Amino acid sequence: MSDNTFNVSLFEDRPFFERALRLGVQKGVLDQARIAAIEADAPKGMVQIAEAFGSKYLRPEIETARKRIVNLVSLYLSETANGDLDVAAKLIRDNSFLSLSRGGSGMIKALFAMPEYALLGREEKGRVEDFLEYWSRKESQIDYQKALAQRKANMLEIEAGLWFGEQLELEREDLREQDADAESVIRTAMLLRLAGKPAGSLINQVEFAGLLDTIRAKGIKPKKAAKAKAEEIPEKFQAIAERIRKEVEERDLPRILDMETSLDKLVYELKDRYYLRDYEVEDTSEYDALVSKEWTRVTKGKTDIDALLTLFLCLAADLPPKTSLTEGAAKKLVKKLRDEGFHPDTASEFIRAAAPHEKQESLLADWEEFVEEANNYLLDDWDSTYNGAMRFLRENCYIEKPAKK
């Protein structure tokens, strides 16, 4: 015997319907009358399918339809009989060929109706006809079984997300109307449990930053972690909750506790993974004060663009940062720029280093637009009286009006 030994396994690639049919004939489950009925029904079904997906008059369409109807029947038999050929043969005996085909079609339509993603909102779907056209081409039932398992898991996760949403005191209809995924709601609930916060403490972005800051300062105590794991959760949701809790502990907590990462950057990285209440960050200095203390110190809490451009201009002129200038100070600044140079990169670096991530992109765009115009007005040596420069600064910066005498 050769040293090289091969294990050979037979792979059965015939459609499940054909295998069940052959077995049924061999065992006498299916008689000639039943075979004749199938032979009479099959062409009718093929023509109907060809007409639905193409043309009943074209030979290639008819051939494709033949494969489709066999696939549909095979799917129904395989799933209904749980892969048992003897049971499948009896199903062929007791049901018409067209009804078996419709059974397979119904299973695909039911699959289409299930959620493709674990979204709490209304999932956008294509046409069921397109879905049926795609799945009726598949000759193996393995892909269907995988898709079915995944969509059933999505259904359970959505149900869990709605349950945890109720714990966060969210209305189901509100959750369905918003573009949120179930996992983000569950993750938020698990983080609150780990931090020992009440179940109903749904948070906005400012409060989320405060929660992360508190976790950094105090850490997560083992008792709180155990409580998050053991606290009463419906049994059918426990595996999902445990999976997400472990993910928070293994992925998010190390990041949260890494003090090398600024709080501002941390919130920016994590906030999309959690479900937070709506919050207009751009309109408040509260968030800035929490996540970017240097920014708040320098800007003194100012958020209007005129004040910020004034501050950036001071930095670009190598002057102490101020959010407003007197007319006299503004003229001196212009003279300094013309004598010593304009350094806009200094302000850009400050924005990148200190401004909240939420605002950096828009602030840099505003500053770049300002610099482009400023080069024309502030550095114009022909404007010896500073009239053009001052007009530009009054329109774009915060220039204090002289007090009336």
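Helices here are DSSP runs of H or I with at least four residues, strands are runs of E with at least two, and both are numbered from the N terminus. Keep that in mind for the element names.

This is a predicted model, where local features need pLDDT of at least 70, side-chain atom pairs count only at pLDDT 80 or more, and totals for chains, interfaces and linings use all residues. Residues are numbered from 1 along each chain as its sequence is written, and side-chain values use heavy atoms, with hydrogens and water left out.

Overview first. The protein chain has 20 helices and two strands. Of its 405 residues, 43% are buried; buried means under 20% relative accessible area, exposed over 50%, partly exposed in between, with a 1.4 Å probe and protein chains only. Now contacts, meaning heavy atoms within 4.5 Å. Among contacts with a separation of 6 or more, 70% join residues 24 or more positions apart.

Confidence next. pLDDT is the predictor's confidence in each residue, from 0 to 100. The chain averages 85, and 88% of the residues score at least 70. Helix H16, residues 305–316, has the highest mean, at 95. Helix H11, residues 222–230, has the lowest, at 60. Residues 1–11 stay under 50, and the model gives them zero contacts beyond four places in sequence. Where pLDDT is low, the predicted coordinates should not be read in detail.

On to empty space. Rolling a probe the size of a water molecule over the atoms shows where it is left. The set-up is a 1 Å grid over the protein atoms alone. A cavity is a set of points where a 1.4 Å probe fits but cannot get out; a pocket is an open set with protein on both sides within 12 Å along at least five of seven lines; lining residues have an atom within 4 Å of a point. Points are joined across faces, edges and corners, and a volume is the space filled by probe spheres set on the points.

The largest pocket has a volume of about 600 Å³. It is lined by 25 residues, and Asp-13, Arg-14, Pro-15, Phe-16 and Val-70 lie nearest its centre. Which helices each supply at least two residues of that lining? H1 (16–26), H2 (32–53), H3 and H7 (142–167) do. By class, the lining divides into 11 nonpolar, five polar and nine charged residues. Nonpolar covers Ala, Val, Leu, Ile, Met, Phe, Trp, Tyr, Cys and Pro; charged covers Asp, Glu, Lys and Arg; the others, Gly among them, are polar.

Cavities of 30 Å³ or more come to two. The largest holds about 70 Å³. Its lining includes Asn-71, Ile-108, Trp-135 and Tyr-144. Helix H3, residues 59–80, gives the largest share, three residues. The class split is five nonpolar, four polar and one charged.

Trp-135 comes up again in helix H6, residues 128–135, where the buried residues are Phe-131, Leu-132 and Trp-135. Down the axis of H6, these fall within an arc of 95°, so they line one face of the helix. That arc is taken over the directions from the helix axis to the C-beta atoms.

Last, helix H18, residues 344–354. Its buried residues are Ala-347, Ser-348, Phe-350, Ile-351 and Ala-354. They too line one face, because their arc is within 160°. Asp-345, Glu-349 and Ala-353 are exposed on the other side. What do the buried residues of H18 pack against? Helix H15 (293–299), H16 and helix H19 (357–377).
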